[in-house]
Amino acid sequence: MKLIIAKDYRDMSRKAANIISAQMILKPESVLGLATGSTPLGIYDQLAEWYRKGDLDFGQITTVNLDEYVGLGPDDEQSYHYFMKKNLFSRVNLREGYSFLPDGRNPEGELECRRYTELIRSLGGIDLQLLGLGHNGHIGFNEPSDAFVRDVHMVDLTERTIEANKRFFTSSEEVPRRAYTMGVGTILLAKKILLAVSGSQKAEALYQVMHGPICPQVPGSVLQLHPDVLVVADEEAAARLPKEDR
Ligand code: F6R
């Protein structure tokens, strides 16, 4: 894993956006894997600004998101569809029909997981996957557990994740209990991975991801197996990492 340390959240966002924009310039028809949550907000702001200034073109880009809550439709303000539309899709020139997320309204869980796995495969795989990191080391909604799950699957969210995500809802009761997510195998198939991490509350998780044992109790640790991972972390998130990493 290659580590890039940023001063703060703003610097982390600019550096990560630069890496995504380099990917888009090198391969204008890239398939970008995207994430939601608070970490990528600054990255999406930066990408939208560069598009607005005429420096970046999404005209041939395809996007696939990591995850979506089960039960929420695209018009539901708490859905990841809505989040992506608001924070990125509506602000840039992505083509209609070239941005994909799991369908949270599909009650046929197994069918939906197979459909999304197959969809990613049919796009030729992901060129660059952007990831955030959960406090408990989760990536996508791959929560700590006793085994890794390879493909897109349905998960029960942990209490800690429900608690962390309730800031986007009016109360924790409203946070859906289940989600569709890419599996760790789906994520590892991406050609390149960009892990963006910010804040002191992620420092221990980042240390475990980079230096702990590769184990399903810290799902992000599986990234140690990938040949092309770039970690962009701000000083606070990188605080636990040993000197030789810097
Ligand atoms: C979001 C996702 C999650 C988040 C993680 C960190 O699509 O897959 O794994 O990346 O929960 O969330 P934030 O950035 O809100 O701290």
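The legends below describe close-up views of a predicted model, beginning with the ligand and moving on to single residues of the chain. Local features are reported where pLDDT is at least 70 and side-chain atom pairs where pLDDT is 80 or more, whereas totals for chains, interfaces and linings use all residues. Residues are numbered from 1 along each chain as its sequence is written, and side-chain values use heavy atoms, with hydrogens and water left out.

**View 1. The ligand and the residues that surround it.** The ligand is surrounded by 15 residues, of which T39, D67, H138, G140 and K202 are the closest; a residue is near a molecule if one of its heavy atoms lies within 4 Å of it. This shell divides into four nonpolar, eight polar and three charged residues, where Ala, Val, Leu, Ile, Met, Phe, Trp, Tyr, Cys and Pro count as nonpolar, Asp, Glu, Lys and Arg as charged, and the others, Gly among them, as polar. The ligand sits in the largest pocket. A pocket, on a 1 Å grid over the protein atoms alone, is an open set of points where a 1.4 Å probe fits, with protein on both sides within 12 Å along at least five of seven lines, and a molecule sits in it if more than half of its atoms lie within 2 Å of its grid points.

**View 2. Side chains that approach oxygen atoms of the ligand.** An N or O atom in the side chain of D67 is 2.6 Å from a ligand oxygen, and for the side chain of H138 the corresponding distance is 2.7 Å. The side chain of R167 likewise has an N or O atom 2.8 Å from an oxygen atom of the ligand. Of the 410 Å² of accessible area that the ligand has on its own, the protein covers 94%, as calculated by the Shrake-Rupley method with a 1.4 Å probe.

**View 3. S198 and its partner D234.** S198 lies in the loop between β9 (192-197) and α7 (203-211), helices being DSSP runs of H or I with at least four residues and strands runs of E with at least two, numbered from the N terminus. The side chains of S198 and D234 make a polar contact at 2.6 Å, that is, a pair of N or O atoms within 3.5 Å, one able to donate a hydrogen and the other to accept it, with residues adjacent in sequence counted only if both atoms are side-chain atoms. S198 counts as buried because its relative accessibility is 14%, the classes being buried under 20%, exposed over 50% and partly exposed in between (1.4 Å probe, protein chains only).

**View 4. T186 in helix α6.** Helix α6 spans residues 184-188 and contains T186, whose side chain reaches the backbone nitrogen of G183 at 3.0 Å. With a relative accessibility of 8%, T186 counts as buried.

**View 5. D8 in the loop before helix α1.** D8 is found between β1 (2-6) and α1 (9-26), and a polar atom of its side chain lies 2.9 Å from the backbone nitrogen of D11. Because its relative accessibility is 35%, D8 counts as partly exposed.

**View 6. I25 in helix α1.** I25 has a relative accessibility of 60% and therefore counts as exposed. The C-alpha atoms of I25 and D55, 30 residues apart in sequence, are 9.9 Å apart in space.

Definitions and conventions
1 Å grid on protein atoms, 1.4 Å probe; cavity = no way out; pocket = protein on both sides within 12 Å on 5 of 7 lines; lining within 4 Å.
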